[in-house]
Amino acid sequence: MEVNLTEVIRRFSTPMKVCGVETHDKYFLEGVIEGVPLELSVLPGLHRESFEKASSQLRDYFKSNIDHSELYPSVRFAIESWQFKKSLASQEPKWNQPVELNALLLSPSLKDLERARVMGRSCFKLKIARGESANDIIELLKHLSPSEKIRFDGNRLLTENALENLLEAITPYWSHIDYIEEPFAHFRDHLNWRHPVALAVDESLPLLLKHTGPCGLSRAVLKPALFGFDESVRIIDNLCKRGVVVTLSSSFEGPIGMAANFALASYQNSIQPNPAGLDTLSFFN
């Protein structure tokens, strides 16, 4: 098998800070193998493996067929997405339905809100707990129409009291809040949350998958590049059976990786329709 892969660098229009790591550029390994495109990418701060280690392992895989259990998550996602695209299953309707997107707002800016609306978005995601003004958040909420929803990302930076105080300040707008993503540093605090406004896990998703007892969590964010394509399908099936609504989210993949994410979001929507967090290609120059 001839494997020709090229390293591609894409620059963010605005530096992205993920888990405390600021990133200006993202590296990709891309190519076409047996007529099907393949893409590998690693997001610093999110993946434990480096791009260099993942790239080396991916090349070795096609030389020696390394067992899947030994692959880094980013490599597993790249290979399994490529294998899926080669398969006849990828042509089934459940993998090819239109996917509604939420829009990532980098700040509680009314200009950003209007830009997202122009793109047809009616669900928005806003990162909080990074010094945003409560007044600016309230002003944004005031401008939402009755049918529009917002998702807050707490970045694991809030205490329970801090979140309750914020929610008290925005009480009139609770109906607009779809969920608050991963506000606390500890998983147990999410399990103990009892409030009309729902929480979602993201970084703590592996712990939710292992948790067998009762809990109030009914939302989860799934980044397929951290699990692999095949495992993401199993996670969607598992959580849907447990009554947990899954939001598909990107790790700032390129066009090839995003195509795999959209297929998974289409599959998830065939079970539980839900806007996906895949509106990220626009953040590259």
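A residue counts as buried when its relative accessible area is under 20%, and R151, at 1% relative accessibility, therefore falls in that class. The model described here is a predicted one, and it contains an open sheet of 7 strands with parallel pairing as well as an open sheet of 3 strands whose pairing is antiparallel. The points below take up R151 and its surroundings, the two sheets, helix α1 and the buried residue L140.

**R151 and its surroundings**
- R151 has its place in strand β6, and its side chain is joined to that of Y179 by a polar contact of 3.5 Å.
- Not counting residues up to four places away in sequence, R151 touches N102, C123, F124, K125, L126, D178, Y179, T247, N274 and P275.

**The parallel sheet**
- The strand order of this open sheet is β4-β5-β6-β7-β8-β9-β10, and the edge strands, each of which pairs on one side only, are β4 (103-105) and β10 (245-248).
- From one strand to the next, the twist of this sheet averages 30 degrees.
- Strand β5 (residues 123-127) pairs with strand β6 (residues 149-153) in the parallel sense over 5 bridges, and within this region F124 stands opposite I150 in β6.
- Helix α3 (residues 110-118) lies across β4 and β5, and its direction runs at about 165 degrees to β4.

**The antiparallel sheet**
- Strands β1, β2 and β3 form an open sheet in the order β1-β2-β3; β1 and β3 stand at the edges with a single partner strand each, so one side of each is left without a neighbour in the sheet.
- Direction ignored, neighbouring strands of this sheet are turned by 25 degrees against each other on average.
- The antiparallel strands β1 and β2 are joined by 10 bridges, and I9 stands opposite Y27 in β2.
- Helix α2 lies across β2 and β3 and runs at about 165 degrees to β3, whereas helix α9 (residues 255-269) packs on the sheet by touching β1 and β3, with its direction making about 100 degrees with that of β3.

**Helix α1**
- The 14 residues of helix α1 (residues 51-64) should span 20 Å at 1.5 Å a residue, and the end C-alpha atoms are 20 Å apart, which agrees with that expectation.
- The buried residues in α1 include F51, A54, S55, Q57, L58, Y61 and F62; they cover an arc of only 165 degrees around the axis, and therefore lie on the same side of α1.
- An α-helix has 3.6 residues a turn, so residues three or four places apart point the same way.
- The exposed residues E52, K53 and K63 are carried by the face of α1 turned away from its buried side, while the cover over the buried residues of α1 includes β1 (5-18), β2 (21-33), β3 (36-41) and α2 (73-86).
- The residue that follows α1 is N65, whose phi is positive, near 55 degrees.

**L140 in helix α4**
- L140 is found in helix α4 (residues 134-142) and is buried, with a relative accessible area of 1%.
- Leaving aside neighbours within four places in sequence, L140 is in contact with L105, P108, S109, L110, L113, L126 and I150.
- Between L140 and S55 the separation is 85 residues in sequence and 42 Å in space, taken C-alpha to C-alpha.

Technical notes:
Residues numbered from 1 in each chain as written. Predicted model: local features only at pLDDT ≥ 70, side-chain atom pairs only at ≥ 80, totals over all residues. Heavy atoms only, no water. Pairing = 2+ DSSP bridges. Helix = DSSP H or I, 4+ residues; strand = E, 2+ residues; numbered from the N terminus. Axes fitted to C-alpha atoms, helices over the stretch in contact; angles between N-to-C directions. Contact = heavy atoms within 4.5 Å. Expected span 1.5 Å × (residues − 1). Buried < 20%, exposed > 50% of the residue type's maximum accessible area, 1.4 Å probe, protein only. Arc of directions from axis to C-beta. Polar contact = N/O pair within 3.5 Å; in protein donor to acceptor, adjacent residues only side chain to side chain.
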